[in-house]
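Let's take a friendly walk through this protein together. Have the sequence and the 3D view open side by side as you read.

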Amino acid sequence: MPRFFIEVVDHAGIAEDHVGLECRDFPHARLCAIEGIRSLLADEMRQGRLDLGGRAVIMDEARRELETLPFTAAFETIRESDG
């Protein structure tokens, strides 16, 4: 199974992924990155802050960047209508 590395860049700096994650394919690695973003943001929200300016960088085994996901790609924003 291929190994993917997902690094997070946010207000705290860069969280390097030294271990990686075995995923069946790139779409599965992308889903894991999205779930990781959601978990990170949920933890931040419990502490009373929300940094939407971060991103997750998905890399292959050779550390080639495959995709950069902004945190905002991990969820849908629904706003209450005015009126």
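Helices and strands here are DSSP runs, with at least four residues for a helix and at least two for a strand, and they are numbered from the N terminus. Keep in mind that this is a predicted model. By that naming, Leu52 sits in the loop that links helix H1 (26-46) to strand E4 (55-59).

Now step back to the whole chain. It has 1 helix and 5 strands, and following the sequence you meet them in the order β-β-β-α-β-β. The C-alpha trace extends about 50 × 25 × 20 Å along its principal axes. Of the 83 residues, 31% are buried. If you take contacts between residues at least 6 apart in sequence, 48% of them connect residues at least 24 apart.

What about the surface? The chain exposes about 5700 Å² of accessible area, and carbon and sulfur atoms account for 50% of that. Leu52 comes back here: together with Met45, Leu50 and Phe75, Leu52 makes up a nonpolar surface patch with about 350 Å² of accessible area in total. Leu52 itself has a relative accessible area of 36%, so Leu52 is partly exposed and clears the cut-off of over 30% that patch residues must meet.

Next, the charges. The chain carries 10 positive and 17 negative charges, and the mean positions of the two sets are 1 Å apart. Side chains of opposite charge can pair when their charged atoms come close. The structure contains 5 salt bridges, and three of these pairs are worth visiting.

Start with Glu22 and Arg3, whose closest N and O atoms are 3.3 Å apart. Glu22 belongs to strand E3 (residues 21-22) and Arg3 to strand E1 (residues 3-10), so this pair ties together parts that are 19 residues apart in sequence. Glu22 is partly exposed at 45% relative accessibility, and Arg3 is partly exposed at 26%.

Strand E1 takes part again through Glu7, whose side chain meets that of Arg63 in a salt bridge (3.1 Å, N to O). Because Arg63 lies in the loop between E4 and E5 while Glu7 is in strand E1, the pair ties together parts 56 residues apart in sequence. Glu7 is buried at 14% relative accessibility, whereas Arg63 is partly exposed at 35%. Look at the backbone of Arg63 too: its phi is positive, about 65°, although Arg63 is not a glycine.

Finally, return to helix H1, where Arg46 and Asp43 lie 3 residues apart, about one turn of the helix. Their salt bridge has its closest N and O atoms 3.4 Å apart. Arg46 is exposed at 65% relative accessibility, and Asp43 is partly exposed at 37%.

Methods
Residues numbered from 1 in each chain as written. Predicted model: local features only at pLDDT ≥ 70, side-chain atom pairs only at ≥ 80, totals over all residues. Heavy atoms only, no water. Patch = residues over 30% accessible without salt bridge, like charges linked within 9 Å, V, L, I, M, F, W, Y side chains within 5 Å. Areas by Shrake-Rupley, 256 points an atom, 1.4 Å probe, with all protein chains shown as cover. Salt bridge = Lys/Arg side-chain N within 4 Å of Asp/Glu carboxyl O. Buried < 20%, exposed > 50% of the residue type's maximum accessible area, 1.4 Å probe, protein only. Contact = heavy atoms within 4.5 Å. Lys, Arg positive; Asp, Glu negative; His and termini not counted. Charge placed at Lys NZ, Arg CZ, Asp CG, Glu CD.
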